[in-house]
Every structure is written in structure tokens, then in C-alpha cells.
Amino acid sequence: MQNDWPAYLAGVSARIKEMRTEQPDVMKAFSGLAQAALKPQALDAKTKELIALGISVAVRCDDCIGFHVEAALAHGASRADIMETLAMAVYMGAGPSVMYASHALDAYAQMAETKV
């Protein structure tokens, strides 16, 4: 588990910036995909971020968990929203998702604390 999620994400962001500099075409395409997927249509931005968080837990991606907890909070997600999302991830991903759900709760606790 990460001791300091905001600092951890800052480090990951720095590496992503290197990717944007050295592989601009790939990263521009990825950014376009993300923007298209996150565009509010039938589902609002908060719901889409919660879906992304659930998938992040199920596929066991700590970096993704951190970024999607942060984005879900930015779109107004509550602790109850996060918990229900994690419950669905556990349902779909079983035991390993329980372990990664704890990572998401840690990230939520740290980032929600700094938003208050």
C-alpha cells in the first residue's frame, strides 16, 4: 500500500510527462481516447470515474486506482459512492479485488482528507 498517495501520483505523473515528450503521437492518441470515453453523455463524469475505479481495482492497477479515486472525488464522489463501487469490483474480481479495494480506500482516505 502507498504511504502517501498524492506524492506517489505526482511521481507517476512525472513519468507520464516523459512519455508525452518522447512518445507524443502515442500519448496524444491515448489522451484522445480518454477524452472521448470520459465525455459526459448517457453517464455523467462521476459515474464514469467510478466505473474506471472499479475496473482499476479488478485489474489490480495501483496507479489507476489513485488517479481514478482523485478524479472521482473531483467530480463529487462520496465515501458511499466509493464503497459501493468497491463492492461491485469485489463481486466481479473476488479475493484479489478485496486486497486492491483496500488500496483504493487508503487513497480515498488520504485524498478526501486533503479536500476538506
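# Briefing: helix packing, one disulfide and selected residues

One disulfide turns up in a search of the whole structure. The model is predicted. Helix α4 (residues 62-74) packs against helix α3 (residues 45-58) and also against helix α1 (residues 5-22). Residues of helix α5 (residues 79-115) are covered further down, Thr85 among them.

**The disulfide**

- The bond joins Cys61 and Cys64, with the two sulfur atoms 2.4 Å apart.
- A disulfide is a covalent bond between the sulfur atoms of two cysteines.
- The S-S torsion of Cys61 and Cys64 is about 65°, so this disulfide is right-handed.
- Cys61 is partly exposed, at a relative accessible area of 22%.
- Cys64 is partly exposed too, at 28%.
- Cys64 also takes part in the contact of α4 with α3.

**α3 against α4**

- Two packed helices are described by the angle between their axes and the distance between the axes.
- For α3 and α4 the angle is about 160°, and the axes lie 9 Å apart.
- Angles over 145 degrees count as roughly antiparallel, so α3 is roughly antiparallel to α4.
- The crossing of α3 past α4 is left-handed.
- On the α3 side, the contact residues are Glu49, Leu50, Ala52, Leu53, Ser56 and Val57.
- On the α4 side, they are Cys64, Ile65, His68, Val69, Ala71 and Ala72.
- By class, this α3-α4 contact has nine nonpolar residues, two polar and one charged.

**α1 against α4**

- Helices α1 and α4 pack at about 110°, with their axes 10 Å apart.
- Angles of 65 to 115 degrees count as roughly perpendicular, so α1 is roughly perpendicular to α4.
- α1 contributes Trp5, Tyr8, Leu9, Val12, Ser13 and Ile16 to the contact.
- α4 contributes Asp62, Asp63, Ile65, Gly66, Phe67 and Glu70.
- The class count for the α1-α4 contact is seven nonpolar, two polar and three charged residues.
- Ile65 of α4 is listed in the contact with α1 and in the contact with α3.

**His68 in α4**

- His68 sits in helix α4.
- His68 is partly exposed, with a relative accessible area of 21%; the cut-off for buried is under 20%.
- Beyond four places in sequence, His68 contacts Glu49, Ala52, Leu53 and Ser56.
- Those four partners also appear on the α3 side of the α3-α4 contact.
- From His68 to Gln110 the C-alpha distance is 14 Å, across 42 residues of sequence.

**Buried residues of α5**

- Ile82 belongs to helix α5.
- Ile82 is buried, with a relative accessible area of 0%.
- Setting aside residues up to four places away in sequence, Ile82 touches Leu50, Leu53, Ala72, Ala77 and Tyr108.
- Among these partners, Leu50 and Leu53 belong to the α3 side of the α3-α4 contact, and Ala72 to the α4 side.
- Ile82 and Val69 stand 8.0 Å apart, C-alpha to C-alpha, with their positions 13 residues apart in sequence.
- Thr85 lies in α5 as well.
- Thr85 counts as buried, at 11% relative accessibility.
- Outside the four-place window, Thr85 touches Leu50, Leu53 and Gly54.
- Leu50 and Leu53 are thus touched by Thr85 and by Ile82.
- Ala89 is another residue of α5.
- Ala89 is buried, at 4% relative accessibility.
- With the same exclusion of residues up to four places away, Ala89 touches Gly54, Val57, Ala94 and Ser97.
- Gly54 is touched by Ala89 and by Thr85.
- Ala89 and Val12 are 77 residues apart in sequence and 24 Å apart in space, C-alpha to C-alpha.

**Positive phi outside glycine**

- Most residues other than glycine have a negative phi.
- Arg60 is not a glycine, yet its phi is positive, at about 65°.
- Arg60 is placed in the loop between α3 and α4.
- Arg60 is partly exposed, with a relative accessible area of 38%.
- Ala94 also has a positive phi, near 60°.
- Ala94 is placed in helix α5.
- Ala94 is partly exposed, with a relative accessible area of 46%.
- Ala94 is also one of the residues that Ala89 touches.

Conventions: Residues numbered from 1 in each chain as written. Predicted model: local features only at pLDDT ≥ 70, side-chain atom pairs only at ≥ 80, totals over all residues. Heavy atoms only, no water. Axes fitted to C-alpha atoms, helices over the stretch in contact; angles between N-to-C directions. Helix = DSSP H or I, 4+ residues; strand = E, 2+ residues; numbered from the N terminus. Parallel < 35°, antiparallel > 145°, perpendicular 65-115°, else oblique. Left-handed = near helix turned anticlockwise from the far one by under 90°. Contact = heavy atoms within 4.5 Å. Nonpolar A, V, L, I, M, F, W, Y, C, P; charged D, E, K, R; others polar. Buried < 20%, exposed > 50% of the residue type's maximum accessible area, 1.4 Å probe, protein only. Disulfide = S-S within 2.5 Å.
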